[in-house]
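Biologist: Please show me the model, and let us then examine how each structural term is justified.

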Amino acid sequence: MLDDLRRLHALVGSPSLETLARHAQAEGSATSRSTFGNLLNGRSTRLDTVEAFVRACARHARTRRPSITLDPQEVHLGAWRDRYADSHRSGGTRRTSAAPRWVDITGAPHRSQLWPHQVGVLPLLADCRQERPADHDLDAFMATGSGTAVVWQVLSGMGGVGKTQLAAALAHRTWRAGQVDLLMWVTAASRDAVVIAYAQAAADITGLQDDDPEQGAARFLAWLSEPHRRRWLIVLDDLQNPADLNGLWPPTVPSGRAVVTTRRRDAALSSGRYLVEVGLFTPGQSTAYLSARLGGDGGLLTDDDRLAEDLGHLPLALAQAGAYILDRGLSCAEYRRRLNDARRRLVDLTPEPEALPDEHRATVAATWSLSIDHADTLTPRGLGRPVLELAALLDPNAIPAELLTTSVVIAYLRGRRNFHEPVEADDVRDVLHSLHRLSLLTLNPVDPTIRVHALIQRAVRESMHPEHANALATTVADALVSIWPDIECDSSRGQVLRANTAALHAAAGPALWNTKTGAHRVLFTAGNSLGESGLVSAAAAYYGDLGSTAAQRLGAEHLHTLAVRAGHARWRGEAGDASGAFAATEALLTDRLRVLGPDHLDTLTTRHNLAYWQGESGDPVGAATAFDALLPDMVRLLGPDHPDTLTTRNDLAWWRGKAGDPAGAAAALRTLLGDRQRVLGPDHPHSMITRNDLAWWQGLAGDPSGAVDAFRALLPDLVRVLGPDHPRTLTTRNNLAWWQGAAGNPRRALAALREVYVDRLRVLGPDHPHTMITRGSLAYWTAMAGDPDGAVTAFEALLTDRLRVLGPNHPHTRTNRHQIAYWSDYPGDQATAGTLLTDIVQVLGPDHPDTLTVWSHDSTQASPP
């Protein structure tokens, strides 16, 4: 019967004796902690104590649902009364003496065991278990540990990665191979559980019983230190708190070996011990497991690799998915469909408790619940769960750690504490380290970024209180906006922020849309980040998808739905479809005139954009005319000095130049420069844009040396105000180099362009359109410096990248082809080279925007608002 009591104790997670005493009190029994300790050590034979123990275990299991489930027969009091009666019918009464011997409740004396001896029940090995590299590591230490010194190995990892199975496999192998005399398996859920197991081992080995389990544990540890040369392996499974082993670590002796499994990653565990980080299955192990579990059935295995990826290669999740698939006759593809259905919860996608595979005690959804509860009890208290809830809405692969210490997040966490206690950034950092120690997330101190397994995120989201959901989502969205740089000089950082925005939208999309406030700003920020980083086609696609969502959630005529359409038109044009952008903007103008009226600022902005795309579509004269018609309305509604009015004047001058009047453009820009500097100041970015454009048209008006002087004067001001790596600074350097070549110094242009290319490559990345523009300029001036063959080679390499990034119909791609065709037939004299521009004009027409693209001009004229 003693073994049955200990088995029940293990089934409910080996709660501490103090916990059982509290449960007993709640059930109406005054049974004490020490009485339960005596029961588990075989020193109590009272039926009422047994019944109180069973009731306490049942109550503990109920409070831990669904992480702990019990067959009702396990706690059926009638069955336990029968066991009690049977044990007493077996004869004998409890004996006592000055040196008491171990006596179980059957009354039989506990005699010393023969060798080899096993204490505790080993878990069965999982069906279709996959061998892992850690198995070989454990075996290697087993081989070297014997005969030298004990090797303490700590298997650490998140719940569900298979730590217990690794330790169980080691125990089974060593036992079968006869490598140990004593094999001990302890469920180390509490200090009491470890002490009781040690005391039992002491009684088994020596035949002597101790009234105090702590004394028995001490005798066992002393025995381990004795020179008896007995080989032993102790496994302490599922250690919850490293402090529970204070004074209970086995000694360092040549004949011993110990393994701990735990989710904890505390520094105390790795001090003087070998820490093994147990990770996820590899993709190959995942698919091999599913193939074995599903019997190699090709029909069931459809999409098995994608299912493994969806489950994050978590062994526990794969095992329970396999059981679910077999129980319901599904395929992996059908299970994936259910898994990706947002209406289904994880608990709905795992077998019933009685059908869990491989002796699992908890479902995937419940595996981490105790760790999450525990995280909230660590200092600073009450922050573990809300921080994890915030992280559950973000990209599982890389969450910027700084996001969770923003003022927005700090304010939210204070609110979750009801403003009773202050919350500082250091408190959040401490919580993140606590969650890391519990293997609920992984901190990367190098980046620094945070990783959270996607299934942990889903389990956390599904356990969120509904009243917190919207506030969590808007807090994360506000925090993302707050850390998003105005100028993305680091392309990888922009990619991380966009990935987190996408994860947030997928996890909590409805919370980011509101018919009163519209779409959250972060959705626009992410889309513009795509385009401004050079991924213009991706930006157009993003806004196209966003438009469908906006129409569904806000309605077709909501201001933000119309704003999304404007973004789609903009990036469609930037991706090379200027005519499509013009048509989309024209349709948008019709709707904004109807919904908002002709004098609304958004309507004026749409007219501005329409004029811009008219020019980009090949009608610079029409663009200039449209800007000329727009300007009086801007002055009337906004005033002559409003920044948007000044922008309209800048673009009007630009398109006059494109329409064939470079001198008129330069004159208009010179007048505008005075007004912008008066209104905005000489260091305002818009003032510097006008200086850039004025220099450009000054060169095209026949004064290349003057253009060089103007760009050279502008450059230090841009460096001072915007910094050396700002895109506009790099653009001015590119333009300066170009006009140095046009002024008669192609070799100086080449040298300067090489430097610009290195910096644009570093700041913007290889696929940004501006980086490729500099490559085109380098190829052109290579030809003009006397190496047309080298230019053709450079243009051909550039064409491959432009086709991949921009597509075949983008103006830059088409111009690239013309450059290759021209320089391939170049006869080798400078006079012929000078006819290039004339030839391109004849091919495309004098008003086509590609005509000036030949010169790789990337002026920083103001973008459409």
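Biologist: Which residues in helix 19 are buried?

Modeller: This is a predicted model, in which local features need pLDDT of at least 70 and side-chain atom pairs count only at pLDDT 80 or more, while totals for chains, interfaces and linings use all residues. Residues are numbered from 1 along each chain as its sequence is written, and side-chain values use heavy atoms, with hydrogens and water left out. Buried means under 20% relative accessible area, exposed over 50%, and partly exposed in between, with a 1.4 Å probe and protein chains only. In helix 19, D427, V428, V431, L432, S434, L435 and H436 are buried.

Biologist: What makes residues 578-596 agree with the span expected of helix 26?

Modeller: Helices are DSSP runs of H or I with at least four residues, strands are runs of E with at least two, and both are numbered from the N terminus. The expected span is 1.5 Å times one less than the number of residues. For the 19 residues of helix 26 this gives 27 Å, and the end C-alpha atoms are 25 Å apart, so the two agree. Helix 26 is followed by G597, whose phi is positive, near 95 degrees.

Biologist: What covers the buried residues of helix 26?

Modeller: The cover includes helix 25 (559-574) and helix 27 (601-616), where contact means heavy atoms within 4.5 Å. Among the buried residues of helix 26 are A581, L588, L589 and R592.

Biologist: Why is the set with W368 and L413 called a nonpolar core?

Modeller: A nonpolar core is a set of buried Ala, Val, Leu, Ile, Met, Phe, Trp, Tyr and Cys residues joined through side-chain atoms within 4.5 Å. The largest such core has 166 residues, and W368, L413, L440, I450 and L504 have the most contacts inside it. Its largest share, eight residues, comes from helix 21 (residues 466-483). Apart from this core lies another, of 30 residues, among them V119, V195, L221 and W249.

Biologist: Which strands are the edge strands of the open sheet, and what makes them so?

Modeller: Two strands pair if DSSP finds at least two bridges between them. The six strands of the open sheet follow the order 1-3-4-5-2-6, with parallel pairing. Strand 1 (117-119) and strand 6 (274-277) each pair on one side only, and are the edge strands.

Biologist: How many bridges join strand 1 to strand 3?

Modeller: Three bridges join strand 1 to strand 3 (residues 182-187), and these strands run parallel. The definition asks for at least two, so the strands count as paired. Q118 stands opposite L183 in strand 3.
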